[in-house]
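Welcome to a short guided tour. Open your viewer, have the selection box ready, and follow the stops below.

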Amino acid sequence: MIIPHPLLGPRDSSEFVYLGDASLIDRPDWQAENAAEAFYDYAYLRGNPAGEHHELWYHEGGDRSWLVVTRNTVTHEISKVELARDVARAQGRSK
Amino acid sequence: MTQANRLSGGLVDRNSTLSFRFDNRNYTAHPGDTLASALLANDVRLIGRSFKYHRPRGVLTAGSEEPNGIVELRTGNRQEPNTRATTAEVYEGLDARSQNRWPSLKFDALAINDRFSNFLTAGFYYKTFMWPAAFWEKLYEPIIRKAAGLGSLSMEDDPDEYDKGFRHCDLLIIGAGPAGLMAALTAGRAGSEVILADEDFALGGRLNSESFSLGDDSASDWAAATVAELSALPNVRLMPRTTVIGAFDHGIYGAVERTGDHVAALPAGKPRQILWRIYTKRALLCAGATERPIAFENNDRPGIMLASAMRTYANRFATTAAQRVAIFTNNDDGHRTAIDLRAKGVKIAAVIDVRDDAPINYDFEVLKGAQVVDTKGRLGLTFVEVALADGSRRVLECGALGVSGGWNPNVHLTCHHRGRPVWNDDLAAFVPGGDLPPGMTVAGAANGTLSTHGALLSGAEGAAKALGLKCALPDVPEAEDAAINQTPFWYVKGCARAWLDQQNDVTVKDVKLSHQEGFRSVEHLKRYTTLGMATDQGKTSNMGGLAIMAEMAGKSIPETGTTIFRPPYTPVPIATFGGRMKGQDFHPTRLTPSHYWAKERGAVFIEVGNWLRAQWFPLPGETHWRESVDREVRQTRASVGVCDCTTLGKIDVQGTDAAAFLNKVYCNGFAKLAVGKTRYGLMLREDGIAMDDGTAARLAEDHFVVTTTTANAVNVYRHMEFVRQCLFPDMDVQLISTTEAWAQYAVAGPNSRKLLQKIVDPEFDISNDAFPFMGCGNITVCGGLRARLFRISFSGELAFEIAVPSRYGDALMRRLMRDGEEFDVVPYGTEALGVMRIEKGHAAGNELNGTTTALNLGMGRMVSKKKDSIGSTLSEREGLNEPDALMMVGIKPVNADDKVTAGAHLMDASGPVDAQHDQGYVTSAAFSPSLDCHIGLAFLKNGGARQGERMRLVSPLTEENVEVEIVSAHFVDPEGERLRA
């Protein structure tokens, strides 16, 4: 596979390490009332779609960026690649 | 031996003669011959024995689709089994042998299987070897493995090199037949970057096999002229002997180039084969078509082959399987073979055409509406028996029979992304469907355009369309453009044994039987009968099996289904996939800066991850590793020892939020750590399980140096980047791995300060008051060399870790040894390190084993509840905090001579010994020179409250049963007085 890195252009997937569902960005608030349950879901539950999937890839053999890759799990078509940091910020994550 | 069946003409080089061996007999050939063509030229039709029934077999085809003609090539450690004689090029001295026969090819004892064929039909082993179950592994399987099968391995290491490479192009053209050559000409002249790959050593595909002309040239001359023009174009790369084996994601194709299989000896340093990864913008599949056989009684005798293969052998290789041949066909293409062979002087016994309206020919007899119903000849064809249109029988004498059942487009690569071919009624064949791999288009016969003119034109148009070329297309030479009329004829009715898959010995009857037994899907048929599952992957047999299945089910072929294809297109040696990644290159080793010093000292090394670490340093006279390790421990605890700990992961953490960041990744607090201090840190996974531990030294308000364990250095760094970028993107913090930037040494023992004072520059006070336990700082050593000093201790002794830039590591080690002579300094390895940390009760990888929590490790209170950190919330789960949770304890044998071993389990002093009564297990064990007995670290249920209890340590596997006492894990200096000295 080839992953179009937003900063470095098309790179072979062998330069990357795969982590999984990009929902891992959405880490719950530890002080929320339902924190125990929310962390349980966060740590253990994943969608397994046959189709479009947002997933985390790490450019370990490159610039060490974490990326959110939107990939179709059936065709492997990659429709979008973003810096995970930008995605996290867009979701309201900060410090 | 003379080449009795050599014909005139052809593309072999008669000016040169090669000698080769087959089954220990000498033969001659010419450059340009394959092993198959050379054997046929020498009147050798019998080449191998079949997989199951050991029936005599010869070649069926002239290409990579060959099911039968598979041989062992070369000798000694270069022996290669299961190589197709039809693609192996002959070189001077080639040594080939037939396979799967004993004692000889002409007399094979296991041919007895053929007599028992009634019992060996589809699924025979499911039915026959059902019971007793124990017999399968011990009796049935070894017998079957010996009787069935193909070639054998040399059992020696392959001495040759294999390589991998990467190439890029605008257009990859797969196949250099008429369509591929024309496509390359079109794209090449337009200036595109083109790769033209073909599995054959001669480019041209069928053009080299045909007698017709292209324009004013013969087909092969036109191919040669086109190849010459292409090879002069700098933007076109020709790759003969290169099989494109798979279409992968995003326009990436895999290809195997056989760079050294056709020469007697590889030039030094050159690889035998190269696995190419070709990155393409577009790909044009011009893979041609494969002729399909017709099944009839005894259709597997040596001498029976595809009619198109006969034509290839005659026109390209100037050879024939026999001087008198017959043709059995259902289409006009079979007649073409008869015409070409006759032109070369081969006698045509007859053309047997199943069609009542078959064309006639004045040069040979055409038997219309006739079928071959049986053949004779034990080791090679002698007669064919024909049922004529009027129902009468006629026997024809011939040494070879060409069979033509029409053509199947080679759609294999179009299926590699699960695309399904579609049925074309006019061709009675599957053609590529609409769902091709992105970027791929198909031209020529592979797309169902079976005439030569059509192939040439579609190649030119296909290339232009794929690349969006606006320029005029090259002129397409005038070529045959016969209408294609394929009426399916799959098998002759009423046969007892008509072979479909000759490599796996599957007959028409087997397919019918599997249908009768309820296997209705093509996939089930395939697995039950093994049809199409051999090394040829059913290139000449899948369609026949499918057609018979459709007939049995009373459905059309497309309703019945089709099998699709996976990579690789043809078999690839494992060595080619491995490339240069073998031995040391598969698993590179990392050496610390003082590695060569350790080697000089005679260190014994151990691999830790990729690192080589000194395990112990034996002295002359020491005969057992324990002597060395015990000495290293005693000497360190008595005076001073030095250990190379460069391999620990080191991560530099900088930024105004550095402390806040460490608060997130470590479960314990770092915000209040003073500058100049170091703290132990435990990292949890988000599920609350311990991930790694290490130390973080605060060198400045906004600067920490973090260490990780050697094994987890990469994962921890990756995890920290995840936390930084994905969870807390606005934190002002930067990370960089400095593992390789610093050489680091532990200096441990009561004299460690005195030794360090000899090398630390005098302006730095490292006395206990000025540089207390857990202190850290930037210093200089040896007169100005920058260094870092950490007062941390894994051994439990007064200890420091000192780091210098990597290039000074070797010099520092030598200096410590020299300056330490007065203290009797000892270098110690990972074994002594392990013994001392067990004596001190420090957890390491054995304890942080992916199942243990902070609580289990006795560090439950370290998990701060006042802040959020990775894993803190889930570590509070009920299930991880049961009252009888495992807790780390020390164990000591009651009888000091007894041994404790890691992996053994703890049981109550009395009661049953079984899984239900399991109380815990030992993770680390060692002989302690300090206590003079074995000791261990264990996880024990409710271990915190069980000190002094006596238990049994058992290992049913090794019949170990030792009485042990539960003690504190801190065997040595439990109050930590030495650390703070």
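Start by selecting B:Arg698 and B:Phe704, which stand opposite each other, with B:Phe704 lying in β37(B). This is a predicted model, in which local features need pLDDT of at least 70, side-chain atom pairs count only at pLDDT 80 or more, and totals for chains, interfaces and linings use all residues. Residues are numbered from 1 along each chain as its sequence is written, while chains are lettered from A and ligands numbered from 1 in the order in which they are written.

Next, select residues 690–700 and 703–708 of chain B: these are the antiparallel strands β36 and β37, joined by 4 bridges. Strands (E, at least two residues) and helices (H or I, at least four) are DSSP runs, numbered from the N terminus, and two strands pair if DSSP finds at least two bridges between them.

Now widen the view to the open sheet of 5 strands in chain B, with antiparallel pairing in the order β35-β36-β37-β34-β38. At its edges lie β35 (678–684) and β38 (734–737) of chain B, each pairing on one side only.

Add helix α17 (residues 658–665) of chain B, which packs on the sheet and touches β34 (649–654), β35, β36 and β37 of chain B. Contact here means C-beta atoms, placed from the backbone, within 7 Å.

Last stop: where do chains A and B meet, and how many residues are in contact? Here 25 residues of chain A are in contact with 19 residues of chain B. On the chain A side, select α1 (35–44), β4 (52–58) and α2 (84–90), the elements that give two or more residues. The most come from α1(A), with 5 residues.

Technical notes: Contact = placed C-beta atoms within 7 Å. Axes fitted to C-alpha atoms, helices over the stretch in contact; angles between N-to-C directions.
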